[in-house]
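The following note sets out points for a colleague who is reading the coordinates. Each point takes up one feature and the residues that belong to it.

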Amino acid sequence: MITERNDRGFTLIETMVAVVISMMLIAAASATYVVQNRSYTAQEDVTEMNTQVKVAHDLIKRTIKGSPFSFSFNMSTEIPATLFGFNSTIVPSDFGGGPDAITVITARRIGELWPTGMNAGTNEDCDGNNSDDQKLELDSGGADIILDDPLVGPVAGSTLLLGGIEFATVASFTGTAVTFVTTTGQNHWLEDTDGDSFCDKGRPVYLLQDTTFCVDADANLHKIDLGVVLPACTGSPLGPFNQIIAENIEDLQFSYAVDVVAPFGEIDGSANLLDDTDFTSIVAPANYSRIRAVRINILTMSQTSDLSFRGMGNPPAAIENNIIPQPGDDFKRRWQQSIVFVKNLEGVL
């Protein structure tokens with residue numbers, strides 16, 4: 001029995017048909033991939049915008065809430081004006097177009113204050129009998145600061161808040177020894193926290209610093225501590241004191257609710273209602289300490305363009321007092337507004 005075999009393989013036509021079909025399948029798969037990739041990128045951009053704007057709002061709000069109003073007296077009348085050129089904890093910057101900036105005076109704990117040559121563990125009396133308990137009288141000389149972080153200490157000219165009750169300007173600081181330019185002679189009592197009648201806790205020491213939020217020429221939102229140059233939004237070199245907290249920020253605007261007009265104790269504007277009549281973009285320097293609430297506006301833009309979104313991502317025509325161009329481009333945008341009340345001020349609604 002003879003069996004015939006077909007060894008001819010595929011014909012040219014069959015090969016061409018197979019190639020065409022393969023190309024069609026590849027093209028369909030590629031088109032699906034491109035569509036899915038664009039969708040993923042667009043969603044990722046939206047998620048990134050939402051995340052950045054939320055993080056920025058939260059950080060600015062926390063900084064304003066953490067300003068030194070949280071101590072036992074109104075620091076807006078106590079901060080030495082020579083320190084930052086003003087004695088308010090909130091300083092607006094409105095440049096008449098483009099992003100605003102805001103500076104907040106905050107207090108960073110850096111350690112504990114002790115009498116010279118004494119620190120936790122020494123057998124010094126803290127039994128509650130004030131006649132012999134240890135106290136720190138700053139008008140009698142210098143003191144020691146036991147730092148929480150050896151890398152974060154005061155320098156000559158720094159202003160410290162001691163124990164939450166007294167400001168003092170540093171004349172010198174070496175190792176742990178600190179001397180002050182002037183003090184008011186407050187008594188700073190040490191504490192016994194473990195009940196053995198010996199002092200084991202000094203007084204908390206806070207370093208006053210300026211923290212500024214601003215936007216640079218590359219649309220980066222910065223948090224800059226210890227010095228800033230405005231409106232360029234530069235200052236400390238990039239590092240622990242100059243952080244980029246958000247990118248692709250098209251606008252940063254602030255407006256302020258103040259208590260300047262009698263009756264005092266109520267935010268100026270509509271009674272018992274916080275609306276646009278209560279906020280102003282321009283606050284006179286004499287009224288900085290009268291700021292009772294801050295309205296924060298952040299406008300961010302997607303990192304990549306989306307052709308299917310052309311002309312649909314225009315920003316608002318105006319945010320606060322800033323008129324914004326309408327580009328009609330392919331980028332998505334997100335505008336978010338929030339309000340934060342200045343904490344622990346007499347008369348806050």
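**Notes on the predicted model**

1. By the rule applied here, the count comes to one cavity of 30 Å³ or more. The model is a predicted one. The volume of the largest cavity is about 40 Å³.

2. Which residues line the largest cavity? The lining consists of Asp45, Glu48, Met49, Gln52, Glu247, Asn248, Thr300, Met301, Ser302 and Gln303. Helix α1 provides the largest share of this lining, four residues. Both α1 and β16 (291-301) supply at least two lining residues each.

3. Asn248, one of the lining residues of the largest cavity, also deserves a note on its backbone. Its phi is positive, about 55 degrees, although Asn248 is not a glycine. Asn248 is placed in the loop between β13 (242-246) and β14 (249-258). With a relative accessibility of 23%, Asn248 counts as partly exposed, because the partly exposed class lies between the limits of 20% and 50%.

4. A positive phi is also found at Glu320, a residue other than glycine, with a value near 55 degrees. Glu320 sits in the loop between β17 (318-319) and β18 (322-323). Its relative accessibility is 24%, so Glu320 counts as partly exposed.

5. The peptide bond from Leu230 to Pro231 should be checked as well: it is cis, and its omega is near 5 degrees. Pro231 belongs to the loop between β11 and β12.

6. How many disulfides does a search of the whole structure find? The search finds one. It is formed by Cys214 and Cys233, whose sulfur atoms are 2.0 Å apart. Cys214 lies in strand β9 (residues 203-215) and Cys233 in the loop between β11 (228-229) and β12 (234-235), so the pair ties together parts that are 19 residues apart in sequence. The torsion about the S-S bond of Cys214 and Cys233 is about 75 degrees, and the disulfide is therefore right-handed. Cys214 and Cys233 are both buried.

7. Ten salt bridges are found in a search of the whole structure. One of them pairs Arg108 with Asp225, with 3.8 Å between the closest N and O atoms. This pair links distant parts of the chain, 117 residues apart: Arg108 is in strand β2 (residues 101-114) and Asp225 in strand β10 (residues 221-225). That N to O distance of 3.8 Å should be read against the cut-off of 4 Å for a salt bridge.

8. Are the partners Arg108 and Asp225 buried or exposed? Arg108 has a relative accessibility of 25% and so counts as partly exposed. Asp225, at 1% relative accessibility, counts as buried.

9. A salt bridge also joins Arg109 and Asp148, the closest N and O atoms being 2.9 Å apart. Arg109 is in strand β2, whereas Asp148 is in the loop between β4 (143-147) and β5 (159-162), so this pair ties together parts that are 39 residues apart in sequence. Arg109 counts as partly exposed because its relative accessibility is 37%. Asp148 likewise counts as partly exposed, at 45% relative accessibility.

10. Arg333 and Asp329 meet through their side chains in a salt bridge, at 2.9 Å from N to O. Arg333 has 15% relative accessibility and therefore counts as buried. Salt bridges that share partners also join Arg108, Lys223 and Asp225 into one network.

11. On the surface, Ile13, Val17, Ile21 and Leu25 make a nonpolar patch of about 400 Å². Ile13 lies in helix α1, which runs over residues 12-65. At 62% relative accessibility, Ile13 counts as exposed, because the limit for that class is over 50%.

12. Thr89 is located in the loop between α2 (81-84) and β1 (90-93). Its relative accessibility is 1%, so Thr89 counts as buried. From C-alpha to C-alpha, Thr89 and Ser67 are 6.5 Å apart in space, and the two residues are 22 residues apart in sequence.

Definitions and conventions:
Residues are numbered from 1 along each chain as its sequence is written. This is a predicted model: local features need pLDDT of at least 70, side-chain atom pairs count only at pLDDT 80 or more; totals for chains, interfaces and linings use all residues. Side-chain values use heavy atoms; hydrogens and water are left out. Patches are made of residues with over 30% relative accessible area and no salt bridge: like charges are joined within 9 Å, nonpolar side chains (Val, Leu, Ile, Met, Phe, Trp, Tyr) within 5 Å. Accessible areas come from the Shrake-Rupley method with a 1.4 Å probe; for residues, only the protein chains shown count as cover. Buried means under 20% relative accessible area, exposed over 50%, partly exposed in between (1.4 Å probe, protein chains only). A disulfide is a pair of cysteine sulfur atoms within 2.5 Å. On a 1 Å grid over the protein atoms alone, a cavity is a set of points where a 1.4 Å probe fits but cannot get out, and a pocket is an open set with protein on both sides within 12 Å along at least five of seven lines; lining residues have an atom within 4 Å of a point. Grid points are joined across faces, edges and corners, and a volume is the space filled by probe spheres set on the points.
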